[in-house]
Amino acid sequence: MREKPVEEMIAMKVSANSILANMALFLFKLIAGILGRSSAMISDAVHSASDVFSTIIVIIGVRMSAREADKNHPYGHERFECVASLVLAFILAATGIAIGLKGLENIALGSYRTLELPNLLALSAAVISIVVKEAMYHYTKRYAVKIDSGALMADAWHHRSDALSSIGSFVGIFGAILGFPILDSLASIVICIFIVKAAIEIFLDATKKMTDESCDEATVEQIRQTILDVDGVLKVDDLRTRKFGSKLYVDVEINVKGDMSLRAAHEIAENTHCAIENGFPGVKHCMVHVNPSD
């Protein structure tokens, strides 16, 4: 049986914790919404339940991307995680747009005036939801950065969108209690902008990883210097990098003495190959081409 990579195990653990937390929040906010007479909190509860579906998408994407290379996918399956990120970006954007449209509708129709007055239980639930979802955002983001997972990062931003949604619920409930129910609708529009902005950033990041974009200039220079430090390399004739999901491919042409034996030149190329793959954990494969010096 294939041993699971550390990155996959971390992603599975974080995703499992996200599912448990969202299910607990769903039950808590549903009860608080019913007892606290808050339709906003009940809607927020349904939102938390739908997040379980998003996390399942993350699990599928991470599991697919961690599969070993096969005949049909000789370069691996890392881009499946990008596909999961794209799906989550669209879900996140749809969530934000739905929140914003609902706020605009309430303002246009004046329906915010007829909302039932909630109580402090619903307000307390909104505060707890904000704290929990913001903590989940930082928790998920921390491990997303650690394993360079776009899908996990997208899920982290989904947690933050929930925290922003709960802020909207808090503002609406608090405003209703003070006699200003329109604050709920205005807050929804502002939250919509933040959520859609996050969705666009996730979409662009996933797209870059699927279109062979090169890595940042600082990393390219670090790789170049690592190559030049290999004994026998005279200079770097060409160096290209391309992102492949969360991994990186490197193609390099090195210049060596033209009168050395094939075995000696191969040894230098092998040392270059190992220096890059061992020195940069994000590099999945390095291809080295040897040019004789003139």
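A polar contact is a pair of N or O atoms within 3.5 Å, where, within protein, one atom must be able to donate a hydrogen and the other to accept it. In the predicted model described here, a contact of this kind, 3.0 Å long, joins the side chains of N291 and E253. N291 belongs to strand β3, which covers residues 283-292. Its relative accessibility is 17%, and because the limit for burial is under 20%, N291 counts as buried. Besides E253, and leaving aside neighbours within four places in sequence, N291 is in contact with D237, I254, N255 and V256. N291 also lies 7.8 Å from G258, C-alpha to C-alpha, although 33 residues separate the two in sequence.

A further buried position is found at H273, in helix α8 (residues 262-279). The relative accessible area of H273 is 17%, so this residue is classed as buried. When neighbours within four places in sequence are left aside, the contacts of H273 are with H285, C286 and V288. Of these contacts of H273, H285, C286 and V288 fall within the residue range 283-292 of strand β3.

The nonpolar interior was examined next. The largest nonpolar core comprises 25 residues, and those with the most contacts inside it are A11, V58, L92, L152 and I195. Two or more residues of this core come from each of the helices α1 (6-35), α2 (39-65), α3 (79-109), α4 (120-147), α5 and α6 (182-210). Helix α3 gives the most, with six residues. Another core, of 20 residues, lies apart from the largest one and has I223, I227, I254 and V256 among its members. Two of these members, I254 and V256, are also contacts of N291.

The surroundings of L152 illustrate the packing of the largest core. Apart from neighbours within four places in sequence, L152 is in contact with A11, V14, S15, V58, T140, Y143, A144 and I147. A11 and V58 are, like L152, listed with the most contacts inside this core. T140, Y143, A144 and I147 are among the buried residues of helix α4.

Helix α4 has 28 residues and reaches 41 Å from its first C-alpha to its last, close to the 40 Å expected at 1.5 Å a residue. Its buried residues also include A122, L123, A125, A126, S129, K133, M136 and Y137. The helix is followed by D148, which has a positive phi, near 55°.

A charged residue in the interior is provided by D155, located in helix α5 (residues 150-178). D155 is buried yet has no salt bridge, and the nearest side chain of opposite charge, K133, is 7.6 Å away. A salt bridge requires a side-chain nitrogen of Lys or Arg within 4 Å of a carboxyl oxygen of Asp or Glu, so the distance to K133 is beyond the cut-off. The side chain of D155 instead makes a polar contact of 3.4 Å with that of T55. Not counting residues up to four places away in sequence, D155 touches S18, S54, T55, V58, L88 and T140. V58 and T140 thus appear among the contacts of D155 and also among those of L152.

Four salt bridges are found in a search of the whole structure. In one of them, the side chains of E134 and R160 meet at 2.2 Å, N to O. This pair links distant parts of the chain, with E134 in helix α4 and R160 in helix α5, 26 residues apart. E134 has a relative accessibility of 23% and therefore counts as partly exposed.

A second pairing, of K197 with E201, has an N to O distance of 2.7 Å. Both residues lie in helix α6, four residues apart, about one turn of the helix. E201 is partly exposed, at 38% relative accessibility.

R224 and E221 form a further salt bridge, at 3.6 Å, N to O. These two residues are separated by about one helical turn because they lie three residues apart in helix α7 (residues 217-228). R224 counts as partly exposed at 27% relative accessibility, and E221 is likewise partly exposed, with a relative accessible area of 39%.

An exposed position is seen at L35 in helix α1. The relative accessibility of L35 is 54%, so the residue counts as exposed. L35 and L121 are 86 residues apart in sequence, yet 7.5 Å apart in space, C-alpha to C-alpha.

Conventions:
Residues numbered from 1 in each chain as written. Predicted model: local features only at pLDDT ≥ 70, side-chain atom pairs only at ≥ 80, totals over all residues. Heavy atoms only, no water. Buried < 20%, exposed > 50% of the residue type's maximum accessible area, 1.4 Å probe, protein only. Lys, Arg positive; Asp, Glu negative; His and termini not counted. Contact = heavy atoms within 4.5 Å. Core = buried A, V, L, I, M, F, W, Y, C linked by side-chain atoms within 4.5 Å. Expected span 1.5 Å × (residues − 1).
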